[in-house]
Amino acid sequence: MKTLKHLFENNLDWANKIKETDPDFFSQLSKQQAPEYLWIGCSDSRVPANEIVNLPPGEVFVHRNIANVVVHTDLNCLSVIQFAVEVLKVKHIIVCGHYGCGGIEAAMENTDHGLIDNWLRHVKDVSRFNAEKLEGLAHEEKVNRLCELNIVEQVTNVCNTTIVQNAWKNGSELSVHGWVYSIRNGILKDLNGYITSQEQLEERNRTNMTR
Ligand code: CO
């Protein structure tokens, strides 16, 4: 007996439905992928990259982890960014967080969550950098504000990778976006426009507009 039979059935239905409208869909896509977007999002099951922006397979290159964190030395995330930028030549990197993020909420607590607390340390850092902005907020508001501040911080981290820095130096057209998604209504929001150059990044850091 095949385990998780219903998932294989779902898969057949899904593949057949696509082939009904476009018989060559999979054979064409198997030859190459040419996505324009790299999506860096949260692992949360309620925030699936392709579905949210209603794009079919082949359109979005995806990296997800808990609380959509871009750590300077995370070889997993850096490898994804490098492949996306240098090989696939994506035009846009989207860091997408979401309100009500459990990872962000856990990072605000002082309880023991096990190994993951080491990962969430990065979110605690964001909270520390922005202590004034979070002071006095009620719990839910504070979680959601930290979700936004975390996205802004991770956008900066993406921009500061050697990969994005080199792409800009070489004159590549590459934008880094910070978006937030609401699991309550399914709507995406652009947090503060996008960054397309080193000058723009520095200007934002100077005026503190990104925080
Ligand atoms: Co989350």
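How much space lies in the largest pocket? I began my notes with this question, and I keep in mind throughout that the model is predicted.

**Entry 1, the pocket.** I looked up the volume and found that the largest pocket holds about 150 Å³ of space. I then listed its lining, which consists of Val85, Glu86, Lys89, Val90, Lys91, Ile163, Asn166, Ala167, Asn170, Ser172, Glu173 and Leu174. When I asked which elements give two or more residues to this lining, I came to H4 and H9, and I noted that H9 gives the most, with three residues. Sorting the lining of the largest pocket by class, I wrote down five nonpolar, three polar and four charged residues.

**Entry 2, the two helices at the pocket.** Since H4 and H9 had both turned up in the pocket lining, I went on to look at how they are placed against each other. Helix H4 covers residues 75-87 and helix H9 covers residues 162-169, and I recorded that they pack at an angle of about 20 degrees with their axes 9 Å apart. Angles under 35 degrees count as roughly parallel, and I therefore entered H4 and H9 as roughly parallel to each other. For the handedness, I noted that H4 passes H9 in a right-handed crossing. On the H4 side I found the contact to be made by Leu78, Ile81, Gln82, Val85 and Glu86, and on the H9 side by Ile163, Val164 and Ala167. By class, I counted six nonpolar residues in the contact of H4 with H9, together with one polar and one charged. Looking back, I saw that Val85, Glu86, Ile163 and Ala167 are among the residues of this helix contact and are also among those that line the largest pocket.

**Entry 3, the cavity.** How many cavities of 30 Å³ or more does a search of the whole structure find? I found one, and for the largest cavity I recorded about 30 Å³ of space. Its lining, as I listed it, is made of Ala67, Asn68, Gly97, His98, Cys101, Ile104, Cys147, Asn150 and Ile151. The elements that give two or more residues to it are strand E3 (92-98) and helix H8 (139-159), and I noted H8 as the one that gives the most, with three residues. By class, I entered five nonpolar and four polar residues for the lining of the largest cavity, and no charged ones, whereas I had entered four charged residues for the lining of the largest pocket.

Conventions
Residues numbered from 1 in each chain as written. Predicted model: local features only at pLDDT ≥ 70, side-chain atom pairs only at ≥ 80, totals over all residues. Heavy atoms only, no water. Axes fitted to C-alpha atoms, helices over the stretch in contact; angles between N-to-C directions. Helix = DSSP H or I, 4+ residues; strand = E, 2+ residues; numbered from the N terminus. Parallel < 35°, antiparallel > 145°, perpendicular 65-115°, else oblique. Left-handed = near helix turned anticlockwise from the far one by under 90°. Contact = heavy atoms within 4.5 Å. Nonpolar A, V, L, I, M, F, W, Y, C, P; charged D, E, K, R; others polar. 1 Å grid on protein atoms, 1.4 Å probe; cavity = no way out; pocket = protein on both sides within 12 Å on 5 of 7 lines; lining within 4 Å. Points joined across faces, edges and corners; volume = space filled by probe spheres on them.
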